[in-house]
Amino acid sequence: MLSSVRLIRRIVRLVHSPVCNPSRSFMDLKVLVSSLNDFASLSLAESWDNVGLLVEPSPPHTVHTLFLTIDLTEQVMEEALQKKVDLILSYHPPIFQPLKRITWKTWKERLVIRALENRVGIYSPHTAYDASPQGVNSWLAKGLGVCTSRPIHPSKAPTYPTAGTHRVEFSVNGTEDLDKVISVVKDITDVSVTSFSTRTDEEEQTRVSLNCSQEALMQVVAFLSQSRQFYQKTEILSLEKPLLLHAGMGRLCTLDESVSLATMIERIKRHLKLPHVRLALGVGRTLESPVKVVALCAGSGSKVLQGTEADLYLTGEMSHHDVLDAASQGITVVLCEHSNTERGFLSDLRDMLRAHLENKIDIILSEADRDPLCVA
């Protein structure tokens, strides 16, 4: 009778075991990466950054659990492996400088080895999330109070409004010359041609407009330079990608109502869950000075914030001399350490990704991830 009871208990444990649950949802890695790219386009990332899928297990690879962290350290990797995750989203890219070898010698090489040995992918969005309208800097601005904000350095659209990077415009007299020009430029790769009639000094002319790539531009100029008539009247315009109003680096935030610096510091500490921040008072400022405009940048803000007019700079870290420069202009600087201005975003990110991915996979936060600096 006793052995029968033990057998029943074993069966119950197997039935309720999550490992054996056949209905557990998952996503194919390639499909998941595509969805992550849709959530925040990698085109928003800075050109110097290393973003996207950095480590890919051999396909096919299914993802049941996505693991979120700011920094992928060896301690965080150990946690991820213990929790049997399939993909790590590391905000900071663990692979930044090119790796010449993959050995057990350095900690970043060991991360790659352990990820591949355990079939764990690594994805990093970094500055794409900094620039995104629903990204890190927008989250950081939430802690200031009711305000309006805009990017300090707006991102550019990923594509040009028209084909090509340059526009070449010139005028042609006579149908014969026009036919010759159209015939030649149409044979050049990456050139689109439009033309329209104009009148100059009572003379009928045809205005020719060419959109072309950088490579095609040299061929177009070489052809036009053969004719003094065309070349002297040629205008070459460099086309710019349009700016995106709500995406970009940093945020310039204007509060609906001014508050004292002391009140703003308490708001920042509460939002970031920090007992302390570092403070450099601007020249002539006190804790009772009003704060109306805040320029912020999660992480390292020196380059992004430099030259921006504001009452307060909020960032993770700045160089000593950049702090001195800001303070000399009457701008107060609040430093919270690099990743402390980013880590709280992960909770919001988890909720947004759950909705974006329609709850198809589990999404969990690292418990071992923390800023390497503390107050001793």
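Select helix 7, residues 175-185, in this predicted model. Helix 7 lies across strand 9, strand 10 and strand 11, and it runs at about 160 degrees to strand 9. Next, select helix 8, residues 214-224. This helix lies across strand 9, strand 10, strand 11 and strand 12, at about 20 degrees to strand 9.

Now display the sheet itself. Its four strands follow the order 10-11-9-12, forming an open sheet with antiparallel pairing. Strand 10 (191-200) and strand 12 (235-238) are the edge strands, each pairing on one side only. From one strand to the next, the twist averages 20 degrees.

Within the sheet, select strand 9 (residues 166-172) and strand 11 (residues 203-212), which are antiparallel and joined by seven bridges. At H166, the residue standing opposite in strand 11 is C212.

Proceed to H92, D130, H338 and E342, which the unreviewed UniProt entry annotates as "binding site". These residues are spread over 251 residues of sequence, yet they cluster in space, with a largest C-alpha distance of 13.2 Å. H92, D130, H338 and E342 are included in the lining of the largest pocket.

Centre the view on D130, in helix 5 (residues 127-131). D130 is buried, because its relative accessible area is 7%, under the 20% cut-off. Beyond its neighbours within four places in sequence, D130 contacts Y91, V136, N137, G248, M249 and R251.

Finally, select E342, in the loop between strand 18 (332-335) and helix 13 (345-356). E342 is likewise buried, at 2% relative accessibility. Outside its neighbours within four places in sequence, its contacts are I70, Y91, H92, V136, W139, A298 and G299.

Notes:
Residues are numbered from 1 along each chain as its sequence is written. This is a predicted model: local features need pLDDT of at least 70, side-chain atom pairs count only at pLDDT 80 or more; totals for chains, interfaces and linings use all residues. Side-chain values use heavy atoms; hydrogens and water are left out. Two strands pair if DSSP finds at least two bridges between them. Helices (H or I, at least four residues) and strands (E, at least two) are DSSP runs, numbered from the N terminus. Axes are lines fitted to C-alpha atoms, for helices over the stretch in contact, and angles run from 0 to 180 degrees between N-to-C directions. Contact means heavy atoms within 4.5 Å. UniProt positions are given in the numbering used here, feature names are shortened, and annotations may be inferred rather than shown by experiment. On a 1 Å grid over the protein atoms alone, a cavity is a set of points where a 1.4 Å probe fits but cannot get out, and a pocket is an open set with protein on both sides within 12 Å along at least five of seven lines; lining residues have an atom within 4 Å of a point. Buried means under 20% relative accessible area, exposed over 50%, partly exposed in between (1.4 Å probe, protein chains only).
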